[in-house]
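Trainee: Before we begin, could you show me the model, so that I can ask what lies behind the words used to describe it?

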Amino acid sequence: MASLVQPSPTLPALHLRRSSLIRPPSSSSSVRFPLKCNAADPYKFDGGNSSGFHLLTGDTVPASFSRTRLEDSIYKNTTRLRIFSGTTNPALAQEISCYLGLDLGKIKIKRFADGEIYVQLQESVRGCDVFLVQPTCPPANENLMELLVMIDACRRASAKTITAVIPYFGYARADRKTQGRESIAAKLVANLITQSGADRVLACDLHSGQSMGYFDIPVDHVYGQPVILDYLASKGISSDDLVVVSPDVGGVARARAFAKKLSDAPLAIVDKRRHGHNVAEVMNLIGDVKGKVAIMVDDMIDTAGTISKGAALLHQEGAREVYACTTHAVFSPPAISRLSSGLFQEVIITNTIPLSEKNYFPQLTVLSVANLLGETIWRVHDDCSGAIEPFSTLGID
């Protein structure tokens, strides 16, 4: 009997926190008294007045330790975390801040008449853990340079640590030499970010895992997979009707991991031959998709040549419906016309890259990775591993 697709038991349920939520301090916070707190309930602040504290007092608690001192310690620990946004995706940065219960940091970014970038922090970050949210999506060079100048500004403002939160890492596809006398731009960009003063990088769905090795600083690599899987599970598609399709041989590992989460769905592979950059030709299909709901999985959609030709092949082979799932919607022309041509039942993306209004079409669904990134940011700030359940599938080490 067919069963409905269920999310993995370890799949994190990421729900938006109220903006009033302040987390309890970690063991490394400034509270050093032997005080036991009930961590089952979060600390809540309403209009600046605290409520919901659950303190188990005893003989070990100094009489001079007041509730106000505990509140101050929590507030001090929280205010050491600062979130700033570049000009590329301020909406995502705002969502991340709301998840953490913080306000976005004040920053002034402008461009001079000759195109040079000016950055000034409008508040002190001395001794703070600073997180800069800036995807290096098109225009890649402009956004990358803006990120570098932001990092430099924070370094010169005496920030304790600087983490570059890069939801989409540009130049990630230039991660190896396929011909002689080619550059490896991914390594060059990694060096630029490191030398500008970043202490850590937080990236989402890198094109290849080897890009993490290009950095000489820690890299937290998280995946948008849980967000998309939760959405697909909510559609109630029978697991007997599903097949996960990799649009090329290089994405087989990604598609296999995705299929395992979808009740261990079968896997199919589209074999393609690329004759040039942004040009792809589909040759054949490995696997059976006849009468199935095909879920095509990739890390990004650029011109949509690969995925649209793959979808056409799936229909030829008898697929009942085709869904496209990707984390990064680059959407270079003519991607929109290809994706909205009727080949796809639905195109599911995330908001790692801001989408202009003209690029929306009826089959498009945009999911938010703000909770995923927000949870990761807190764990980095609080020196907490993502391997603890129920967040083991976040990919945070």
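Mentor: What follows is a short conversation about some of those words. This is a predicted model, in which local features need pLDDT of at least 70 and side-chain atom pairs count only at pLDDT 80 or more, while totals for chains, interfaces and linings use all residues. Residues are numbered from 1 along each chain as its sequence is written, and side-chain values use heavy atoms, with hydrogens and water left out.

Trainee: Why is H2 called oblique to H9?

Mentor: The axes of helix H2 (residues 90-100) and helix H9 (residues 370-381) come within 8 Å and cross at roughly 55°. Angles under 35 degrees count as roughly parallel, over 145 as roughly antiparallel, 65 to 115 as roughly perpendicular and the rest as oblique, so H2 is oblique to H9.

Trainee: What makes Pro167 count as buried?

Mentor: Pro167, in the loop between strand S10 (161-166) and helix H4 (185-196), has 1% relative accessibility. Buried means under 20% relative accessible area, exposed over 50%, and partly exposed in between (1.4 Å probe, protein chains only), and therefore Pro167 counts as buried.

Trainee: Why is strand S18 described as largely enclosed by the rest of the structure?

Mentor: In S18 (residues 346-350), 5 of the 5 residues are buried, so the strand is largely enclosed by the rest of the structure. Glu346, Ile348 and Thr350 point one way, Val347 and Ile349 the other way, and all are buried.

Trainee: How do you know that S17 and S18 pair?

Mentor: Two strands pair if DSSP finds at least two bridges between them, and 3 bridges join strand S17 (residues 321-329) to S18, the two running parallel.

Notes
Axes fitted to C-alpha atoms, helices over the stretch in contact; angles between N-to-C directions. Helix = DSSP H or I, 4+ residues; strand = E, 2+ residues; numbered from the N terminus.
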